[in-house]
Amino acid sequence: MCQRGSGVLEVLVAAAIAVGVALGLTTFFLMTLRVGKDVDAQAALQRQGGAIADELGRQLRLVDGTPQVEDRATATPVCLPLTATPSAASTTNDPVLVIPGAAGAVTCYYRDTSTPPQLRRCTRPTPAADCAPAADLFSGSLAPLSATAWTVSVVTPCGALDGTCQGTPTVCTIAGESCGVVPGANIVFTVSAGANLSETFGLAIVANRH
């Protein structure tokens, strides 16, 4: 009886150890997968955000005129309304960056307010035409991304260098820099790949100076 009891106890202890080891390995495997997934998402976030910033920079350097920023309060909007038939891809409460092109065409960059919010681009060849297609700037990403913030404003050489314009007449706090609006824009946007995975990208373009 003593030998049988000892044998059963040994089997139970061995089984408990085996279960503990299995649970430990499973937990380690799941944590490894989660970390790997987070690393991939972070890489996708940085890659896509950087690509969007590069595209905006190229567009602003090649601008045929002066970029504009418009919203629903703009007296004479150029991009808004974004399409003749409202849709999730044409709804935004944020400022729209308007980049003029040749022959009166404009390219519009904006953050839609659908779920999840996306950064989009569309082109309006003439004032009477729709702004289309509403291209998703996150298309091709290796992880689901969303745009949690988007701000855009026209800039001055003073503002692009983090100076401020003060006084009357207005003078820049940085000697030799102008407070006049020039071709360029200041853009800041935040890209998220889920909880605790987000990054903010920004660029200020003034004429040919980055």
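The legends below describe several close-up views of a predicted model.

**View 1. An open sheet is built from five strands.** The strands of this open sheet follow the order 1-2-3-4-5, and their pairing is antiparallel. At the edges lie strand 1, which covers residues 68-70, and strand 5, which covers residues 132-136, and each of these edge strands pairs on one side only. From one strand to the next, the twist averages 25°.

**View 2. Strand 3 runs antiparallel to strand 4.** Strand 3, made of residues 106-111, is joined by six bridges to strand 4, made of residues 119-124. One residue to look for in this view is arginine 111, whose bridge partner in strand 4 is leucine 119.

**View 3. Aspartate 112 sits in the loop between strand 3 and strand 4.** Aspartate 112 has a relative accessible area of 0%, and it therefore counts as buried, since that term applies to values under 20%. The side chain of aspartate 112 also makes a polar contact with the side chain of arginine 120, at 2.6 Å.

**View 4. Asparagine 196 sits in the loop between strand 9 and strand 10.** The loop that holds asparagine 196 lies between strand 9, with residues 184-192, and strand 10, with residues 198-206. Asparagine 196 is described as exposed because its relative accessible area is 81%, and the term exposed is used for values over 50%. Although asparagine 196 and aspartate 38 are 158 residues apart in sequence, they are 9.7 Å apart in space when the distance is taken from C-alpha to C-alpha.

Definitions and conventions. Residues are numbered from 1 along each chain as its sequence is written. This is a predicted model: local features need pLDDT of at least 70, side-chain atom pairs count only at pLDDT 80 or more; totals for chains, interfaces and linings use all residues. Side-chain values use heavy atoms; hydrogens and water are left out. Two strands pair if DSSP finds at least two bridges between them. Helices (H or I, at least four residues) and strands (E, at least two) are DSSP runs, numbered from the N terminus. Axes are lines fitted to C-alpha atoms, for helices over the stretch in contact, and angles run from 0 to 180 degrees between N-to-C directions. Buried means under 20% relative accessible area, exposed over 50%, partly exposed in between (1.4 Å probe, protein chains only). A polar contact is a pair of N or O atoms within 3.5 Å; within protein, one must be able to donate a hydrogen and the other to accept it, and residues adjacent in sequence count only if both atoms are side-chain atoms.
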